[in-house]
Structures are given as C-alpha cells and as structure tokens.
Amino acid sequence: MSDTALLVCYFPLALMSACILLLFCLRERQKPLAKNIVFLSSMMLGWQLSEIFFNLSRSEGAAFFLYDIKFPFVALSSLAILLLTLRFYGFDAYCNRLTVILLSVVPAITTLLALTPWWHDFLTKKAIISLSPNHIVVSSWEFWFWIHAGYCYALIFVALTLALTQYRKVPRSYRAASNLLLGGMAFSIACNVLVLSNALPVRLDISLVGASFCTILLYFSSHSNQGLDFLNQARTEVFNELDEAVVISDDNGDVITINLAAKYLLFRAGVPLDERSHDKVEEAFFKGAIRRPTDDEERSGVNYHFVSEAGETVYNLRKIGIHDKRGRRIGMMGVCADVSGTFAAIRRLEANAGLDALTGLLNRRTLGQRREALDRPENLPLAVITADLNDLKRINDTQGHRQGDVALRETAEALVSCCPPGASIARMGGDEFLALIPNFSREQALELIEDIRAQLAGAGASLSLGACVKSAHEQDLDGIIEQADRLMYEYKRAGKQI
C-alpha cells in the first residue's frame, strides 16, 4: 500500500477528529462528557497526525523520530476511553485525581522513550530501508512495547467489561447511547486482534482505523440527549410520587411548581391552585391552626395543629433553601407532611409509659415512684399483697411460652378485678406480683386473697400469696413487704395456696 493511499485514509480520520474536538471546545463544552470527548479526540488527532507526518517525512532522522511518536497517543487514547466509560455509567468516584495519575505512569514512560529513540531500543528496534517512493521500515517490538501494548489492551478490556456488565442495569432510555459505546469499543478491539494476528498484512494501521471509528461512535453516544430526557422524567416522577406536599418557589417568593400531594392538600383546603405567592398559600392553608415551633425550627420545621370535633390533625412544615453552586440562595422548597399518626403514637407511648407490656400492670420502676405517695399516714392501714405464679417454668417448658404468657395475663386480670380501685398493682418481674392498697385492713386483705383464689380456681392457675399490713407510720414499708414475701414463700414451700 503506497504512501499516497495511506494519506488518503488518514486525512479524513484526522479531519473527523479535528471537527469533533472543535465542536466540543466551541459549542458543547457544557455537555456532561465534554472533557472526556475532548481528551479522547485530542489523543486520536495526535495519533493520526503522527502517522500522516511520518509518511510525509523526507529525512531519515525525522522518519526515525516520527515512527515511535504515535505510541504515547495510543496509550493515552486507551486511558481516555476508560475514563469516558467510567463517567458514562456514573462511576465518577473512580475518576479522581489519584487514579488518573497512577494510570498515567505507563503513558508517561512511553512518552519519554518515544522522545528519545536515538539513545535506546527499549520501545522498538528499527531501521529505515526506504523513504521514496514509499516509507519502508524494518522493526521489531522490544521490552517496553509489550508493557505498553498490555497496558492499552487491559484498559480497553476493563472498559468493555464495565460496559457489558452495566448494559442491562441502565434504563432503556440509555440503551441507544450504550449500544454506540459498546459498538465502538468492540470494533476497536476487533481491529487490534487483526493487527496482532497479522491477518491483514498491509501497511495501513488497522488499530488506528478501529480507534478512530470508536471515537466517532463514542462522540455520537455522548452527544445523545436520551440520558438527560430520562433524568428529567425520573425527577418529575419522583417529585410527584412523594407523600409529602412540596411547593417550590423562587427567591422572590413566587411559586414555581407544586407536586401532586400539594395539589391535593390545597384543593381539599380550598386554596386556589393558581395562587403564585408562597406566603399567601401558606397563610391560607394553615388558617385557624395552632402554630407550635419545634426545638430546631431550621431542621425540624414548625408543627401546625388543627383541632376539631373529629380529632386533631397535625402538619409539619419545613422550609429548605435552594442554592446555586456558589452557595447563593435562589429559591425555597416548602415540604409539608401529615404527622398526625406520629403525634398519636407519641401520646399512646406517653400514656403507656411505666406499664408492663405483657400484663398492662405497673412495672417495678413505676411502683417504686408511687411508693412515696402511698407511704403516708392518711393511707394507713396500707395493705401489702405479694403473689407468685407457681410452676411458670414448667408451663413454659411443657406447653410453650405462649401458654405461660396466658397464665401471667390471667393472674394480672384476677388481681385487677379483685383489688379495689385505689390499689397500685405491679408485675415485679418474671412470675412475681405486688399490690399496695391504701386504707385496707388485714381482715380485708385476707378476704381479698380468698377472692383472688376463687377467681383463679377455674383458670387452672396456681398462685401463692402473702399478705401483711402496715398499721403505724413508724413501721418500715420495706420490712412489711419482706414480711409478706416470707409468708408467701412459706406457703409456697409447704405446697399450700392461700
């Protein structure tokens, strides 16, 4: 293949790379992949021009120098393809400065060796046979060339593997651009395979042709706006699917857009949907509500309480500033959420605080807090009744913990139904119960024990009970409780139930 034929092939490729470079530099600098395309097309143009100038050279020294100068552009083209692929599929975290520096080590060494071909044969060993009518060079590939080639193929292989693994993960709107990306890399690899196998023994640099067409396809891939269309559509869908009502306004306070949840709330409240003032929308919607700021209004917002015969409805409003890249405020987003369920749950928790979750009785801590109020002269005599559910471990082991829980709840129900309204009854833990009953005599306590026994007789539960009464203020309540415990355990050891 003559030098003229080679130039005819290389000139259009160089012209194409130059056009792509100019388009992105002058008109499409804001495209997401603009920097990557500029980098790739610049390296391709350098590769193509090195081939063109080599075939135009008329001195042996120039030809000797230009023969190796293409190798840095080849290595950097492979790096450009990998970086473009990473950014195309959203792996920007892998495109940091340190990664680029590390990946540039091999091209940097290749560049140094290509610029100093007279001093070494690390890259290629060559001899210029003829410059006219055609450039004929006899060369062999040396040590560093194989490192350089392995580096290039490794980067292209990684890029192709990434594209293949991500192909099915991307939305269909990205598929067309992804097809071009895959096609370009596959074509480039196919051309390189032809070069390595020497299947086409021609002077034309087949790998350059493959890389050039790969660059053209990558250009069209990045130029496609389907990804942006998908992104805009996805943002709209997410915006309208939010449960919270969202109102976005500009820096002047004029409403720009609202989502479907906001439209529903405003329509139900009778607020005109065409109202443009954010302040008027807020004032109209929360008219008649009780405003209660949170501890951190900037982060947690403000709660608005609507109270009616049907109950209480609570809305939380947060105002979030919208800023540009320089940090300047350019608008505001109001986010309103119905938090009535959360407030109702908090009230239930507050009402149930201090109760045993299984039986509904007081827990040990709450009874301890009530002791001081009960241990007063006006509550004497103060009856203390201790109870222990017999054989709870056997019930759990033989019938299961669910049946054991049933026995505990039946015991609690018997204690509550038999004790007078003023009694404080607690589950002290495990199978132990304690009741403190103000203004209750020993005779009444013994009658109460009989009532509890009679109620539990039909339930199949076996309960040991002990009773003691504090009749004088100077008596120690802890001592009275210990005495009731001793009586209970004496009956328990004797195998009796009272």
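This is a short tour of a predicted model, one selection at a time.

**Stop 1: the six-stranded sheet**

Select strands β3 to β8. They form an open sheet of six strands in the order β4-β3-β8-β7-β6-β5, and the pairing is antiparallel. Strands of a sheet pair through backbone hydrogen bonds, either parallel or antiparallel. Now colour β4 (255–258) and β5 (290–293), which are the edge strands and pair on one side only. Look along the sheet: on average, neighbouring strands are turned by 25° against each other, direction ignored.

**Stop 2: β3 and β4**

Select residues 245–250, which make up β3. How many bridges join β3 to β4? There are three, and the two strands run antiparallel. To see one bridge pair, pick Ser 249 and its partner in β4, Val 255.

**Stop 3: helix α11 on the sheet**

Add residues 260–269, helix α11, which lies across β3, β4 and β7 (311–323). The helix runs at about 100° to β3.

Which residues of α11 are buried? They are Ala 261, Ala 262, Leu 265 and Leu 266. These buried residues are on the same side of α11 because they cover an arc of only 125° around the axis. Show their surroundings as well: the buried residues of α11 pack against β3, β4, α12 (278–285) and β7.

Then turn to the face of α11 that points away from the buried side. Tyr 264, Phe 267 and Arg 268 are the exposed residues there. Finally, select Gly 270, which follows α11 and has a positive phi, near 80°.

**Stop 4: helices α4 and α6**

Select residues 70–88 for α4 and residues 105–115 for α6. The two axes come within 8 Å and cross at roughly 170°. Angles over 145 degrees count as roughly antiparallel, so α4 is roughly antiparallel to α6.

Show the side chains where the two helices meet. From α4, pick Phe 71, Pro 72, Ala 75 and Leu 76; from α6, pick Pro 107, Thr 110, Thr 111 and Ala 114. What kinds of residue make up the contact of α4 with α6? Six are nonpolar, two are polar and none is charged.

**Stop 5: the β1–β2 hairpin**

End with residues 124–130, strand β1, and residues 136–141, strand β2. They pair in the antiparallel sense over six bridges. Five residues lie between β1 and β2, and the two strands form a hairpin. Select Thr 124 and look for the residue opposite, Trp 141 in β2.

Technical notes:
Residues numbered from 1 in each chain as written. Predicted model: local features only at pLDDT ≥ 70, side-chain atom pairs only at ≥ 80, totals over all residues. Heavy atoms only, no water. Pairing = 2+ DSSP bridges. Helix = DSSP H or I, 4+ residues; strand = E, 2+ residues; numbered from the N terminus. Axes fitted to C-alpha atoms, helices over the stretch in contact; angles between N-to-C directions. Contact = heavy atoms within 4.5 Å. Parallel < 35°, antiparallel > 145°, perpendicular 65-115°, else oblique. Nonpolar A, V, L, I, M, F, W, Y, C, P; charged D, E, K, R; others polar. Buried < 20%, exposed > 50% of the residue type's maximum accessible area, 1.4 Å probe, protein only. Arc of directions from axis to C-beta.
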